[in-house]
Amino acid sequence: MGITILPLEQHSVPDVLKTQAKLEFTQIKEKGFIDVTEDAVSYLDKANENKERQLKSMADISSVLTIIPASLDASVLGQATLLGASASGGHTEEGWTGLNRVFVVKKFGLIGLEELDFLVSEGGVAFIEEAINQDVNGFPAILSVKQSRSEKGLSELTWATDQKIFTLSTNRALKTQKSIKQFIDIARSIF
């Protein structure tokens, strides 16, 4: 299936989801972030709090994966503290098609990297054209900044290559051009 980019109105999703997407586009344009619940910005913190139960070492996870993990050698994530990893995506006879890793990075706090090999999953990726607002190594990307009423934040950058979809996240609402650029630079260093 590969990567498909369509205007919102051409996506085959319920109208309620289209209405939600339009609201989020408006909030990003007006405020620079999307209003969300506390739960929506807490998954990295929860993974950290429950790391003994939710996260394993890469050595423990590698044997159950069919995905080949992206190289982080050129990335700050390669030198960061890895809190742990978990398998995700679909499960094939060869193993799981996705991998989640959680790191501690000095400038950002917690950073999560999720990657899913959609070719192995025999799937694809559909992006909403109006949501694309960044570029990662020539591939379209979507940066979304979310913030709860308590001002707890989450920033996510999602992009797809010819084989994988990635989501890089941090438990902060990135609002300055400098912090956004540094975050996108991390994505650009992942191969």
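So, is Ala 126 buried, partly exposed or exposed? With a relative accessibility of 47%, Ala 126 counts as partly exposed, because the exposed class only begins over 50%. One thing to say up front: this is a predicted model.

Let me stay with Ala 126 for a second. Ala 126 sits in strand β6, which covers residues 124-128. Leave out the neighbours within four places in sequence, and Ala 126 is in contact with Thr 4 and His 11. There's also Ile 3: its C-alpha is 5.9 Å from that of Ala 126, although the two residues are 123 apart along the chain.

Okay, let's zoom out. How many helices and strands does the protein have? Five helices and ten strands. The radius of gyration is 16 Å, and the globule rule gives 16 Å for 191 residues, so this protein is as compact as a globular protein of that length. If you want box dimensions, the C-alpha trace spans about 45 × 35 × 30 Å along its principal axes. Of the 191 residues, 42% are buried. Take the contacts with a separation of 6 or more, and 60% of those are between residues 24 or more positions apart. On the outside, the protein exposes about 10,300 Å², with carbon and sulfur atoms supplying 52% of that.

Now the inside. The largest nonpolar core has 24 residues, and the members that touch the most others are Leu 77, Leu 157, Trp 159, Leu 168 and Ile 190. Which elements give two or more residues to this core? Those are strands β4 (95-105), β5 (109-117), β8 (139-147), β9 (153-160) and β10 (164-170), plus helix α5 (177-188). Helix α5 gives the most, with five residues.

Click on Ile 190 if you have the structure open. Not counting residues up to four places away in sequence, Ile 190 touches Ala 70, Ser 71, Leu 72, Ser 75, Leu 77, Leu 113, Asn 137, Trp 159, Phe 166 and Leu 168. There's a second core too, separate from that one, with seven residues, among them Leu 44, Ala 47, Val 102 and Leu 154.

On to the aromatics. The count here is two aromatic pairs. One of them is Phe 108 with Phe 183, a tilted pair with 5.8 Å centre to centre and 50° between the planes. This pair links distant parts of the chain: Phe 108 is in the loop between β4 and β5, Phe 183 is in helix α5, and they're 75 residues apart. Phe 108 has a relative accessible area of 4%, so it's buried, and Phe 183 is buried as well, at 0%.

Then there's Trp 159 with Phe 166. Why do we call that pair stacked? Because their planes are at 10°, with the ring centres 5.0 Å apart, and anything under 30 degrees counts as stacked. Both Trp 159 and Phe 166 are buried, and both turn up in the list of residues that Ile 190 touches.

Next, a bit of backbone. Most residues other than glycine have a negative phi. Asn 137 has a positive one, near 55°. You'll find Asn 137 in the loop between β7 (134-136) and β8, and at 38% relative accessibility it's partly exposed. Asn 137 is another of the residues touching Ile 190. Glu 151 also has a positive phi, near 70°. Glu 151 belongs to the loop between β8 and β9, and with a relative accessible area of 61% it's exposed.

Last stop, helix α1, residues 15-31. Its 17 residues reach 24 Å from first C-alpha to last, close to the 24 Å expected at 1.5 Å a residue. Which residues of α1 are buried? Lys 18, Ala 21 and Gln 27. The cover over those buried residues includes β2 (34-35). Right after α1 comes Gly 32, with a positive phi near 90°.

To recap, then: a largest nonpolar core of 24 residues, to which α5 gives the most, a second core of seven residues, and two aromatic pairs. And back where we started, Ala 126 in strand β6 is in contact with Thr 4 and His 11, its close sequence neighbours aside. That's me done.

Terms used
Residues numbered from 1 in each chain as written. Predicted model: local features only at pLDDT ≥ 70, side-chain atom pairs only at ≥ 80, totals over all residues. Heavy atoms only, no water. Core = buried A, V, L, I, M, F, W, Y, C linked by side-chain atoms within 4.5 Å. Buried < 20%, exposed > 50% of the residue type's maximum accessible area, 1.4 Å probe, protein only. Helix = DSSP H or I, 4+ residues; strand = E, 2+ residues; numbered from the N terminus. Contact = heavy atoms within 4.5 Å. Phe/Tyr/Trp six-rings, centres within 6.5 Å; stacked < 30°, edge-to-face > 60°. Rg over C-alpha atoms; globule rule 2.2 N^0.38 Å. Areas by Shrake-Rupley, 256 points an atom, 1.4 Å probe, with all protein chains shown as cover. Expected span 1.5 Å × (residues − 1).
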